[in-house]
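Got the viewer open? Let's take a walk through this one, a stop at a time.

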Amino acid sequence: MGKPSEKSLERVERMVTNFCEKSGTFRHPDPKITEGVVLGLAANLDELGRPLCPCRFYPDKKEEVKHRTWICPCDDMNVYKYCHCLLFCTPEGLPVTEHLPADHEGRGTWGEVKDPTPEKGRALKHKAEEREAERIARKS
Ligand code: SF4
């Protein structure tokens, strides 16, 4: 994978700064973690025209970008405030897991991590039931 274009890198950087502010989340304390995710998002932006989450496997990326599920900031972020890539974290560099369903993999990995700014973010929290139904359908 070659280096992403400056234009895409700048666009993703701007999105991360703005979304941290909007959602009440923070960049990871280790800048290398953020840098890796930003590079992946910018590469997908160059390749696909959308910042598809770089931390997942897709059988067909071109098909995947037709849905908004894993376009950053993804549905998990907008519904549960959960970022499994650690791009949007607590100040300690943990993913917020408080709003996830109890049996979600994020809870299993990280335990319960409280949301330090519950008054911010979760613009799609009204879609939690719908999102949960999708997750269960994927597992079966
Ligand atoms: S998990 Fe969601 S919010 Fe986090 S980097 Fe991937 S798409 Fe963005």
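Among contacts in the protein chain between residues at least 6 apart in sequence, what percentage join residues at least 24 apart? The figure is 47%. Keep in mind throughout that this is a predicted model.

**Whole chain**

Start with the protein chain in cartoon. You should find six helices and zero strands, so the pattern along the sequence reads α-α-α-α-α-α. The radius of gyration is 15 Å, close to the 14 Å that the globule rule gives for 140 residues, so the chain is as compact as a globular protein of that length. Turn the C-alpha trace onto its principal axes and the spans come out at about 40 × 35 × 25 Å. Colour by burial next: buried residues make up 31% of the 140 residues.

**Helix α2 and its cover**

Select 31–48, which is α2. This helix has 18 residues and reaches 25 Å from its first C-alpha to its last, close to the 26 Å expected at 1.5 Å a residue. Now pick out its buried residues: Thr 34, Val 37, Val 38, Gly 40, Leu 41, Ala 42, Ala 43, Asn 44 and Leu 45. Show α1 as well, since what covers those buried residues includes α1. Just past the helix, click on Gly 49: it follows α2 and has a positive phi, near 85°.

While α1 is on screen, go to Glu 6, which is found in that helix. Glu 6 counts as exposed because just 9 other C-beta atoms lie within 10 Å, and the cut-off for exposed is 12 or fewer. Draw a C-alpha to C-alpha distance from Glu 6 to Ala 42: the two are 36 residues apart in sequence and 8.8 Å apart in space.

**The nonpolar core**

Which residues touch the most other members of the largest nonpolar core? Select Leu 41 and Cys 83; they hold that place among its 24 residues. At least two core residues come from each of α1 (6–23), α2 (31–48) and α4 (75–80). The largest share is that of α2, with six residues.

Centre on Leu 41 and show its contacts. Leaving out residues up to four places away in sequence, Leu 41 touches Val 12, Pro 51, Pro 54 and Cys 72.

**The ligand**

Now select the ligand and expand to its shell. The ligand is surrounded by 14 residues, and the closest are Cys 53, Cys 72, Cys 74, Cys 83 and Cys 85. Colour the shell by class and you get twelve nonpolar, one polar and one charged residues. Two names here should ring a bell: Cys 83 came up in the core, and Cys 72 as a contact of Leu 41.

**Backbone oddities**

Stay at Cys 72 and look at the backbone. Most residues other than glycine have a negative phi, and most peptide bonds are trans. The peptide bond from Cys 72 to Pro 73, however, is cis, with omega near -5°. Pro 73 sits in the loop between α3 (61–64) and α4.

Next, jump to Leu 86, in the loop between α4 and α5 (105–110). Leu 86 is not a glycine, yet has a positive phi of about 65°. Is this residue buried or partly exposed? Leu 86 is partly exposed, because 17 other C-beta atoms lie within 10 Å, while buried takes 20 or more.

Arg 122 is another stop of this kind, in the loop between α5 and α6 (128–139). Its phi is positive too, near 55°. Arg 122 counts as buried because it has 21 C-beta neighbours inside 10 Å.

**Towards the end of the chain**

Also in the loop between α5 and α6 is Pro 118. With 13 C-beta neighbours inside 10 Å, Pro 118 counts as partly exposed. Add Gly 24 to the selection: Pro 118 and Gly 24 are 94 residues apart in sequence but 7.9 Å apart in space, C-alpha to C-alpha.

Finish on α6. How many of its twelve residues are buried? The count is zero, and the helix is hardly covered. Check its length before you close the session: at 1.5 Å a residue, twelve residues should span 16 Å, and the end C-alpha atoms are 17 Å apart, which agrees.

Key:
Residues numbered from 1 in each chain as written. Predicted model: local features only at pLDDT ≥ 70, side-chain atom pairs only at ≥ 80, totals over all residues. Near = placed C-beta within 6 Å. Nonpolar A, V, L, I, M, F, W, Y, C, P; charged D, E, K, R; others polar. Core = buried A, V, L, I, M, F, W, Y, C linked by C-beta atoms within 7 Å. Helix = DSSP H or I, 4+ residues; strand = E, 2+ residues; numbered from the N terminus. Contact = placed C-beta atoms within 7 Å. Expected span 1.5 Å × (residues − 1). Rg over C-alpha atoms; globule rule 2.2 N^0.38 Å.
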